[in-house]
Amino acid sequence: GSGVGANGLSPIEAVSAGGGQPKPATVLDRSRQQRSHSSPYFLPDGRHFLYLAVSAKRENTGVYIGSLDSKDTKRLLSVEAEARYAPPGYLLFVRDGSLMAQAFDVRRAEVSGDPFPIAEQVFSDPIFGNGMFSVSSNGVLVYRAGAGSGNTQLTWFDRAGKRLGTVGLPGDYLNPELSPDGKRVAFERRSAQGDRDVWLLDLSRGPPTRFTFTPSDEYMPIWSPDGSRIVFASNRQGPAGLYQKPSTGAGNEERLLSSALDLTTNSWSSDGRFIFYRSLSAKGNNEAWILPLFGDRKPFPFLQSEDFSQNMAKISPDGRWVAYFSNEAGRFEVFIQSFLKPSGKWQVTTSGGFFIRWSRDGKELFYLALDQELMSVAVKGDSVPELGSPTPLFKARLLGGARTIQSYRHQWDVGPDGRFLINVPVGDETGSPITLVQNWTAGLKK
């Protein structure tokens, strides 16, 4: 027997149910600009499986069929959502809030006819497209009802988790990033065509305004220390590179850096001299690199490992420390390393942690525990950091929950006044009902 698992930026791996070394069961197809394989689901023969492949080219994204016995693969559905197989022969997936079924011949691995809805308003996760549903081999279907809108509400909280107010209307917000003065927020939003753009919202007034306009993806915005510029990732010329544009929205977009691998922004030093960004190792693990904005502007690596992922390097406001999270200890833990002068590395957490932010005065490091508890650690010291004990602040109800680890995205930020801006899913506050349907195929037309 085999189990199949996935890490967001790697192929799907298979491991024997008796334990042992995982082996890749799929290969990222670079010619199709595939970024990730996820959501594996075994077919009844226990050898073939469905999986979702996400590509930088939208026309290559879809549900594919793979096999433990060969590298052959074939696309079945052009949807960006996980699919599950249901006897006697259907693929089930969520599209625009509806649970859809499509006829599927499991022996020939072919779909036929058009997909048709079997349930309306089924909750789905807007980050991964994962529908909240499950189906059994004996005709039982269960799903969670929900608005299915994928909308969120940017909401202010204090340190005790008290809700202080909301920002703008509920909408499609991803990866909010506050400006240095705390008066604006940059975020991502999907267009009707499915590509992502950067948008800006003035927190004191008015609706959000669109900041990037290409048919490709623009994402992960970060602000320059003076708030005058925004750097973001874009795949407009193949693998994602780094681009910058004045935050007024006027002026040209300038390409800062491109590579044969996807690059993503991490943080910008407060003296404006260095941008930390993410690149990938040959094995698909995350590495932290630095782009100097002076001199010859030659990038150099900061954190590199063939075997581990080192994510989201955030430089402290005084430029002394860089915090990041890494899975070198077996699960994601938060670490601090000194910047520019090598003096060592310190582990901040021992029971798991990721998604880090510095307080604006640099005296605290905030991170998310594995159970979504927002945590604080005091940071003092000169040549060596003096770390306080991790202190829980409150449970953060974030978009995507802990699974956002798969796409390395922040769904919260901390303002200059110490308040937290959290991207809260709409309709998730009360918990919506679970619906159980027995013999769900009974009503289908033969």
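**Close-up views of a predicted model**

**View 1. Arginines over aromatic rings.** The charged end of R419 sits over the ring of W156, 3.8 Å from its centre. A second such contact brings R84 over the face of F133, at 5.0 Å from the ring centre. A charge counts as over a ring if NZ of Lys or CZ of Arg is within 6 Å of the ring centre and within 35 degrees of the ring normal. The model is predicted, so local features need pLDDT of at least 70 and side-chain atom pairs count only at pLDDT 80 or more, while totals for chains, interfaces and linings use all residues. Residues are numbered from 1 along each chain as its sequence is written, and side-chain values use heavy atoms, with hydrogens and water left out.

**View 2. The sheet that holds β38.** Four strands form an open sheet in the order β15-β14-β38-β37, with antiparallel pairing. Its edge strands, each paired on one side only, are β15 (163-171) and β37 (412-414). Neighbouring strands are turned by 20° against each other on average, direction ignored. Axes here are lines fitted to C-alpha atoms, for helices over the stretch in contact, and angles run from 0 to 180 degrees between N-to-C directions. Strands are DSSP runs (E, at least two residues), numbered from the N terminus. Two strands pair if DSSP finds at least two bridges between them. β37 and β38 (residues 420-425) run antiparallel and are joined by three bridges. Here W412 stands opposite I422 in β38.

**View 3. An aromatic cluster reaching β38.** One aromatic cluster is formed by F157, F366, F394, W412 and F420. Rings of Phe, Tyr and Trp (its six-membered ring) pair if their centres lie within 6.5 Å; planes under 30 degrees apart count as stacked, over 60 as edge-to-face and the rest as tilted. Both F366 and F420 are buried. Buried means under 20% relative accessible area, exposed over 50%, partly exposed in between (1.4 Å probe, protein chains only).

**View 4. A tilted phenylalanine pair.** The whole structure holds 24 aromatic pairs. In one of them, the rings of F276 and F339 have centres 5.3 Å apart and planes at 55°, so the pair is tilted. It links distant parts of the chain, 63 residues apart: F276 is in strand β25 (residues 274-280), F339 in the loop between β30 (333-338) and β31 (345-347). F276 is buried, with a relative accessible area of 0%. F339 is buried too, at 6%.

**View 5. An edge-to-face pair.** F366 and F420 pair edge-to-face, 5.0 Å centre to centre with 85° between the planes. This pair also links distant parts of the chain: F366 lies in strand β33 (residues 364-368) and F420 in strand β38, 54 residues apart.

**View 6. The largest cavity.** Two cavities of 30 Å³ or more are found in the whole structure. On a 1 Å grid over the protein atoms alone, a cavity is a set of points where a 1.4 Å probe fits but cannot get out; lining residues have an atom within 4 Å of a point. The largest encloses about 100 Å³. Its lining includes N175, E177, K314 and H410. Elements giving two or more residues are β16 (174-178), β20 (218-223), β24 (264-268) and β28 (310-315). β20 supplies the largest share, three residues.

**View 7. The sheet that starts at β28.** Another open sheet of four strands runs β28-β29-β30-β31, with antiparallel pairing. β28 and β31 are its edge strands. The twist averages 25° from one strand to the next. Four bridges join β28 to β29 (residues 321-326). Q310 stands opposite S326 in β29.

Methods: 1 Å grid on protein atoms, 1.4 Å probe; cavity = no way out; pocket = protein on both sides within 12 Å on 5 of 7 lines; lining within 4 Å. Points joined across faces, edges and corners; volume = space filled by probe spheres on them.
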